[in-house]
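This briefing concerns aromatic contacts and strand pairing. Please consult the sequence and the structure below alongside the text.

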Amino acid sequence: QVQLVESGGDLVQPGGSLRLSCSASGDALDHYSIGWVRQAPGKEREGVSCISSHDDSLYYADSVKGRFTISRDNAKNTVYLQMNSLKTEDTAVYYCAADRSVWAGASWLCALPDSFGSWGQGTQVTVSS
């Protein structure tokens, strides 16, 4: 299984931007479906954005659509989440997740993040003035 390490979390003011990175080792990420999943204190996990390797679909949660962009650099074996126009409600621990054996579209993967078999340790994003 692939190993994932997130980085890039920080304290940022509302309206600011951050780019999260998810570096993989142990396997090539281009064969994997990828997801960014967040969890705020006292709330359930939320699939923020996902890419499906099954049908190349892309999904964004309504709460981040138009503000967040997921991308992958296969040469660097890294996935990114560019986050712009950050809001206080974006405060959460952000996890990178991956799986190469789930045959599902991106919206399904984000709706059921437990489908991902590999997870990073998470990176804290705090949006506050």
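How many bridges join β9 to β10, and do these strands run parallel or antiparallel? Two bridges join β9 to β10, and the two strands run antiparallel. The model is predicted. The points below treat the aromatic pairs and then the strand partners of β9.

**Aromatic pairs**
- Two aromatic pairs are found in a search of the whole structure.
- One of them consists of Tyr95 and Trp119, which meet edge-to-face at 6.2 Å centre to centre, with 75° between the planes.
- Because Tyr95 belongs to strand β9 (residues 92-99) and Trp119 to strand β10 (residues 118-119), this pair ties together parts that are 24 residues apart in sequence.
- Phe116 and Trp119 also form an edge-to-face pair, at 6.4 Å centre to centre and 90° between the planes.
- Through these ring pairs, Tyr95, Phe116 and Trp119 are linked into a cluster.

**Burial**
- Phe116 is buried, with a relative accessible area of 3%, whereas Trp119 is partly exposed at 27%.
- Strand β9 is largely enclosed by the rest of the structure, because six of its eight residues are buried.

**Strand partners of β9**
- Strand β4 (residues 33-39) is joined to β9 by seven bridges, and the two run antiparallel; Ile34 has Ala98 of β9 as its bridge partner.
- Strand β11 (residues 123-127) is joined to β9 by three bridges, again in antiparallel fashion, and Ala92 stands opposite Val125 in β11.
- In β10, Trp119 stands opposite Ala97; Trp119 is also the aromatic partner of Tyr95.

Conventions. Residues are numbered from 1 along each chain as its sequence is written. This is a predicted model: local features need pLDDT of at least 70, side-chain atom pairs count only at pLDDT 80 or more; totals for chains, interfaces and linings use all residues. Side-chain values use heavy atoms; hydrogens and water are left out. Rings of Phe, Tyr and Trp (its six-membered ring) pair if their centres lie within 6.5 Å; planes under 30 degrees apart count as stacked, over 60 as edge-to-face and the rest as tilted. Helices (H or I, at least four residues) and strands (E, at least two) are DSSP runs, numbered from the N terminus. Buried means under 20% relative accessible area, exposed over 50%, partly exposed in between (1.4 Å probe, protein chains only). Two strands pair if DSSP finds at least two bridges between them.
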